Amino acid sequence: MVDQHELLKIEHLARKYSEVNIPLYLSYPTSNFWENLVDEEMFVNTHRNYCAPFIYFHFPYCEKACYYCMCYKSVASDPRHNDVYITYLEKEFLNTLGRLGHDALNQVRHIHWGGGTPTYLTCDQIEKIHQKIFGKIKLVDHRAASKSIEAYPDEKILTNEKLKLLFDLGFNEISLGIQDFDERIQKTINRNCGRENVFRIVSNAKALGFRVHVDLCYGLPFQGQNELEKTIREVLRMDPDRVALFTYAHYPNIFPLQRKIPSSSIPNSFIRVLLAMLAEEMFSDHGFRKVGYDHYVKANDPLCKAAEKKQVIRDFMGYSVHEKREFMGFGNAAISYLGDGFYHNIQSLKKYYKAVDDNRIPLEKNLSHMLTREDRIRNKVIQKSILSDFNVHKEDIAKEFAISFDDHFRFELKDLIQLENDGLVDMRDPHMIRVTRAGEYFVRHIAHVFDNYYNRRESLN
Ligand code: SF4
């Protein structure tokens, strides 16, 4: 419980450090700054015979569009639309393997299906993908390998038969997008996931042996503490293995469907911080451990153990156990992160199909990025030290990259003084920058200070 004085302080900070326009830092640099043009030949030459440990498949189709959504998706009233898509996915997959060499998929530890709504695929389609694609992927260790899938929790789409099929095909982790159970909120964002329906899905998935992850969202239209508290109570009754609490970003100028959400219904920055604090209190009271700034996990979760050893890192999947998780993505709009390169596949289905028909690796021309040395230094500070560990060991960074931390980041250290005065960071130890408890709720602001694409600074060594 926070007292009146604390509340006033939080309100002041929330108004000053609103999270609007501050990236989630799923990558650094963020994709709007990917700028180095990498052509297909460079991609193939750089990654020939490269072993990707993690493979991502993108399935774009959803039955309907949720108004808050920022994912790459296409609406299809009939799942048969996936038939054509699967044919192209297979063709892309075989062509890429042919060009990179079949060893590229010899050491796979994790396969993930995302979207869109991969569970919108029919059972026949799922089996077909499995036969045509998965036979060619060699998992390093079947028992330790993880196969995960994102799901829209609606029993009409995610039937028990489909759940069982997925489990029989080796999927062992399912992420259910609940967001918030409140009916008014769901109606406003065009979703319909009833509590009882989700309860049954969770209990069936657990009975089969799935690890169940739940995605919640704060900052949604008409969402206040009562709504989020009720949703979290229901989620706690379901006893998931992991919860990701994402923040809703309202950018109606970029995402036209968000114009259907009244801007006046979006909670202000102060309420958003209170929602994040409420979630933390409730999950901590029920034995969950906070990982990074938006994940809650149980003690036996690999992410929890890794967080204790400071071995997690912010990435495209939220947080992952590895220092750096490289992956190869297939499908329209899929992203790959290989070596020092980020690559984005073509988003438009029509253009993606054309590129695959031409036997090309369907890379989007202006959406790739080769990390520079400077990017790698800042990537480490932003995604690892600040957003994952909540502190920066200056000497570790200095040693790894052969720099003098205080010289290299002299402008940033100057900018941080204001955040220190506001109690968000503690820099009294000359070897460390610590994120304070209050600073955890504004941690993206702290990371943002080190973002050299947003804050172009004159000189760097
Ligand atoms: S189901 Fe998921 S991907 Fe599809 S529109 Fe809704 S939030 Fe977006």
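Which residue forms a salt bridge with E400? Keep that in mind as we walk through this structure, which is a predicted model. The partner turns out to be K380, and the closest N and O atoms of the pair are 3.1 Å apart. E400 sits in helix α13 (residues 394-401) while K380 sits in helix α12, so this bridge ties together parts that are 20 residues apart in sequence. E400 is partly exposed, because its relative accessibility is 46%.

Let's back up for a second and ask what brings such pairs together. Side chains of opposite charge can pair when their charged atoms come close. In this model, a search of the whole structure turns up 34 salt bridges, so we'll just visit a few of them.

Stay around helix α12 for the next one. K384 and D389 have side chains that meet in a salt bridge, at 3.1 Å from N to O. D389 belongs to helix α12, which covers residues 373-389. Are these two residues buried or exposed? Buried means under 20% relative accessible area. K384 has just 4%, so it counts as buried, and D389 counts as buried too, because its value is 13%. If you skip the neighbours within four places in sequence, D389 is in contact with K310, V312 and K384.

Now compare that with a pair inside one helix. K164 and D168 form a salt bridge whose closest N and O atoms are 2.9 Å apart. Both belong to helix α5 (residues 160-168), and they are four residues apart, about one turn of the helix. K164 is partly exposed at 43% relative accessibility, while D168 counts as exposed at 52%.

Salt bridges can also join up into something bigger than a pair. Here E40, E41, R99 and R360 are linked in a network of them.

Not every charge we meet is part of that story. D83, D124, E127 and E161 form a negative surface patch. One of them, E127, is located in helix α4 (residues 123-132), and E127 is partly exposed, with a relative accessible area of 38%.

Just past helix α4, look for K138, in the loop between α4 and β5 (146-151). K138 counts as exposed because its relative accessibility is 51%. Setting aside neighbours within four places in sequence, K138 is in contact with L105, N106, Q107 and V108. To get a feel for distances, try going from K138 to G219: they are 81 residues apart in sequence and 41 Å apart in space, C-alpha to C-alpha.

Finally, let's check out the backbone. Where do we find cis peptide bonds? One joins Y28 and P29, with omega about 0°, and P29 lies in the loop between α1 (4-16) and α2 (40-47). Another runs from G115 to G116, with omega near 20°. G116 is in the loop between β4 (110-115) and α4.

The loop between α1 and α2 has another feature, since Y25 is found there as well. Y25 has a positive phi of about 55° although it is not a glycine, and its side of the story is a buried one, with a relative accessible area of 1%. Q179, also not a glycine, has a positive phi near 70°. Q179 belongs to strand β6 (residues 173-179) and is buried, with a relative accessible area of 9%.

Conventions: Residues numbered from 1 in each chain as written. Predicted model: local features only at pLDDT ≥ 70, side-chain atom pairs only at ≥ 80, totals over all residues. Heavy atoms only, no water. Patch = residues over 30% accessible without salt bridge, like charges linked within 9 Å, V, L, I, M, F, W, Y side chains within 5 Å. Areas by Shrake-Rupley, 256 points an atom, 1.4 Å probe, with all protein chains shown as cover. Salt bridge = Lys/Arg side-chain N within 4 Å of Asp/Glu carboxyl O. Lys, Arg positive; Asp, Glu negative; His and termini not counted. Charge placed at Lys NZ, Arg CZ, Asp CG, Glu CD. Helix = DSSP H or I, 4+ residues; strand = E, 2+ residues; numbered from the N terminus. Buried < 20%, exposed > 50% of the residue type's maximum accessible area, 1.4 Å probe, protein only. Contact = heavy atoms within 4.5 Å.
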